Amino acid sequence: MIKEEIMPVKKILLTGGSRFIGQHLTNFFKKRNDEIAWVSRKKPLVKGVKWINIDSNLKKEVLNFKPDFTIHLAACFNNSDIQALIDCNTILPIKLLEILKLLPINKRNFIYTGSYWQNGDYKKPHIPIDLYSASKKSLRPYVSYYHAYHDVSAIELINFGTYGAKDGRGKLLDQLIQIAKTGKSLKLSPGRQSLNLVHINDVCNAYLVAC
């Protein structure tokens with residue numbers, strides 16, 4: 001575990017706060033007494049979290065909040081909705097970077113979340129495997145631009161398979177737990193592939209270290 005003294009109390013701006021990792025990360029930073037603001041369409045149900053409506057005057061709201069760190073977790077996974085993929089995975093983070101360049105230099109800190117699928121597989125390495133992972137990878141040159149010309153400090157974190165408490169996404173581990181409770185069977189492959197799983201507590205600590 002990472003000692004909390006690693007970083008004093010800060011203001012954290014977060015996208016994707018309502019999803020599995022975002023909820024855990026919100027609670028993680030709240031326990032440290034950090035001040036949290038969500039950029040989202042729905043009002044946070046978590047007490048004490050400031051809401052910045054994504055459809056509001058985003059520039060004004062973010063500049064007023066003055067985040068020390070901006071963490072972009074929001075993602076669209078729907079490969080059949082190209083516009084949504086671009087809006088969420090590319091345009092939204094660029095909008096945030098445009099705002100961050102206006103903040104004092106010590107607050108231009110951007111942590112964004114990539115996908116391990118953007119690195120391809122053993123048959124086609126370095127080639128994203130779908131439109132989702134391609135849209136995630138497309139953000140890299142934009143971030144490089146803001147780093148080089150606007151002094152934005154940025155780190156990309158790539159999460160592999162995540163798991164932990166209150167995970168209702170229906171991934172493999174969730175299904176294995178469910179069939180263990182019900183006694184039902186689950187059709188699986190022969191199991192020759194390797195699967196990298198990371199516990200949500202380690203994921204939260206990784207974002208703290210990045211900060």
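**Exercise 1. Determine how helices H2 and H3 are oriented relative to each other.**

Solution. The model is predicted: local features need pLDDT of at least 70, side-chain atom pairs count only at pLDDT 80 or more, and totals for chains, interfaces and linings use all residues. Residues are numbered from 1 along each chain as its sequence is written, and side-chain values use heavy atoms, without hydrogens and water.

Step 1. Identify the elements. Helices (H or I, at least four residues) and strands (E, at least two) are DSSP runs, numbered from the N terminus. H3 covers residues 82–100, and H2 covers residues 58–65.

Step 2. Take the angle. Two packed helices are described by the angle between their axes and the distance between the axes. Axes are lines fitted to C-alpha atoms, for helices over the stretch in contact, and angles run from 0 to 180 degrees between N-to-C directions. H2 and H3 pack at about 55 degrees, and their axes are 10 Å apart.

Step 3. Classify. Angles under 35 degrees count as roughly parallel, over 145 as roughly antiparallel, 65 to 115 as roughly perpendicular and the rest as oblique. H2 and H3 are therefore oblique to each other.

Step 4. List the contact, which means heavy atoms within 4.5 Å. Leu58, Lys59, Val62 and Leu63 of H2 meet Leu92, Leu96 and Ile99 of H3. By class, the contact of H2 with H3 has six nonpolar residues, no polar ones and one charged residue. Here Ala, Val, Leu, Ile, Met, Phe, Trp, Tyr, Cys and Pro count as nonpolar, Asp, Glu, Lys and Arg as charged, and the others, Gly among them, as polar.

**Exercise 2. Classify the packing of H3 and H5.**

Solution. Step 1. Helix H5 (residues 139–150) packs with H3 at an angle of about 5 degrees, the axes being 10 Å apart. That makes H3 roughly parallel to H5.

Step 2. In H3, Asn89, Thr90, Pro93, Ile94, Leu97 and Glu98 meet Leu139, Tyr142, Val143 and Tyr146 of H5. This contact of H3 with H5 divides into seven nonpolar, two polar and one charged residues.

**Exercise 3. State whether Asn89 in H3 is buried or exposed, and list its contacts.**

Solution. Step 1. Buried means under 20% relative accessible area, exposed over 50%, partly exposed in between (1.4 Å probe, protein chains only). Asn89 has 1% relative accessibility and so counts as buried.

Step 2. Leaving aside neighbours within four places in sequence, Asn89 is in contact with Ala74, Ala75, Cys76, Ala84, Tyr132, Ser135, Lys136 and Leu139.

**Exercise 4. Describe the strand order of the sheet and the helix that packs on E1, E2 and E3.**

Solution. Step 1. Two strands pair if DSSP finds at least two bridges between them. The six strands form an open sheet in the order E3-E2-E1-E4-E5-E6, with parallel pairing. E3 (50–53) and E6 (153–159) are the edge strands, each pairing on one side only.

Step 2. H2 packs on this sheet and touches E1 (11–15), E2 and E3; its direction makes about 155 degrees with that of E3.

**Exercise 5. Compare the phi and exposure of Asn33 and Asp151.**

Solution. Step 1. Most residues other than glycine have a negative phi, and most peptide bonds are trans. Phi of Asn33, however, is near 70 degrees, a positive value, and Asp151 has a positive phi of about 55 degrees.

Step 2. Asn33 is in the loop between helix H1 (20–31) and E2, and Asp151 is in the loop between H5 and E6.

Step 3. Asn33 is exposed, with a relative accessible area of 59%. Asp151 is partly exposed, at 45%.
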